[in-house]
Structure formats: structure tokens, C-alpha cells
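Hi everyone, thanks for coming. Please have the sequence and the 3D view open in front of you, and let's look through them together.

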Amino acid sequence: MRVNVDRDRCCSSGMCVMNVPEVFDQDDQDSLVRLRQTTFRPEQFDDLRLAAQLCPGGAITVTEDESSGPTEAAEAAG
């Protein structure tokens, strides 16, 4: 799983930090999102997806690797 943040889209709501504080932080200078880690454990995946869904600015993008999301792919296929 990969997580990208677009600081240009961030509106500093802090939803990401409230939901996954071990991964997301807000910059002390401008309060915009920043990643605290770049590799993620499988037990964090659901929380990362939720943070992306709850982000009001759409600043968080979660990209599933083939190895991290086969169940979702199978469910989507039907």
C-alpha cells in the first residue's frame, strides 16, 4: 500500500491526524498534512483507507499494491 498526500489540497482539518496519528501529522509552520512514515503494516490499512475517505480536501490518496488488496479486488469482481 502506498499513501500520498497533496499539501496543495490539504485544508488542515486534522481528520487524518485524529484517525491515524502514527502515520499523519500536521506541519508546525502551516498546519498542512505530512507523513510520519512511508511504509505501512497490514493492520494499518483499514485506518489509512478511512483517513483518505474522511479527508475533506481529498488530500490523501491510498494506492493498493497487488499484495495488499486481493480481497477487495475479488469482491469488486463479483
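I'll start with the overall layout, then go inside, and finish with the cysteines.

One thing before we begin: what you see is a predicted model, so please keep that in mind throughout.

Let's get oriented. The protein has three helices and four strands. If you walk along the sequence, these elements come in the pattern β-α-β-β-α-β-α. Of the 78 residues in the protein, 31% are buried. And how do distant parts of the sequence come together? Taking the contacts between residues at least 6 apart in sequence, 50% join residues at least 24 apart.

Now, the inside. The largest nonpolar core has 17 residues, and Val3, Phe24, Leu48 and Ile60 touch the most other members. Helix H2 gives the most to this core, with four residues. Click on Phe24 for a moment. Leaving out residues up to four places away in sequence, Phe24 touches a long list, including Val3, Val5, Val33, Leu48 and Ile60.

Ala51 is also on the list for Phe24, and I'd like to go there next. Ala51 lies in helix H2, which covers residues 45–54. Is Ala51 buried or exposed? Its relative accessibility is 1%, so Ala51 counts as buried. Which residues does Ala51 touch, not counting those up to four places away in sequence? They are Cys16, Val20, Phe24 and Ile60. Val20 is a nice one to find on screen: Val20 and Ala51 are 31 residues apart along the chain, yet their C-alpha atoms are separated by 7.2 Å.

Let's move to two residues found in loops. Val23 sits in the loop between helix H1 (15–19) and strand E2 (24–26). With 0% relative accessibility, Val23 counts as buried. Apart from its neighbours within four places in sequence, Val23 is in contact with Arg34, Leu35, Arg36, Gln37, Phe40, Gln44 and Leu48. If you'd like another distance to try, Val23 and Asp47 are 24 residues apart in sequence and 9.8 Å apart in space, C-alpha to C-alpha.

Gln44, one of the contacts of Val23, is our second loop residue. Gln44 lies between strand E3 (33–35) and H2. Gln44 counts as buried too, because its relative accessibility is 1%. Besides Val23, Gln44 touches Glu22, Gln37 and Thr39, again not counting residues up to four places away in sequence.

Next, is there any empty space? A search of the whole structure finds one cavity of 30 Å³ or more. The cavity is lined by 14 residues, and the closest to its centre are Cys10, Ser13, Gly14, Cys16 and Cys55. Its volume is about 80 Å³. What kinds of residues form the lining? Eight are nonpolar, six are polar and none is charged.

Seeing those cysteines, you may wonder how many disulfides there are. The count is zero. Why is Cys11 not bonded to Cys55? The sulfur of Cys55 is the closest cysteine sulfur to that of Cys11, but the separation is 6.0 Å, too far for a bond, since a disulfide needs the sulfur atoms within 2.5 Å. From the other side, the nearest cysteine sulfur to Cys55 is that of Cys11, and Cys55 is in no disulfide. The two also have separate labels for exposure: Cys11 is partly exposed, with a relative accessible area of 48%, whereas Cys55 counts as buried at 16% relative accessibility.

That's my tour. Thanks for listening!

Terms used. Residues are numbered from 1 along each chain as its sequence is written. This is a predicted model: local features need pLDDT of at least 70, side-chain atom pairs count only at pLDDT 80 or more; totals for chains, interfaces and linings use all residues. Side-chain values use heavy atoms; hydrogens and water are left out. Buried means under 20% relative accessible area, exposed over 50%, partly exposed in between (1.4 Å probe, protein chains only). Contact means heavy atoms within 4.5 Å. On a 1 Å grid over the protein atoms alone, a cavity is a set of points where a 1.4 Å probe fits but cannot get out, and a pocket is an open set with protein on both sides within 12 Å along at least five of seven lines; lining residues have an atom within 4 Å of a point. Grid points are joined across faces, edges and corners, and a volume is the space filled by probe spheres set on the points. Ala, Val, Leu, Ile, Met, Phe, Trp, Tyr, Cys and Pro count as nonpolar, Asp, Glu, Lys and Arg as charged, and the others, Gly among them, as polar. A nonpolar core is a set of buried Ala, Val, Leu, Ile, Met, Phe, Trp, Tyr and Cys residues joined through side-chain atoms within 4.5 Å.
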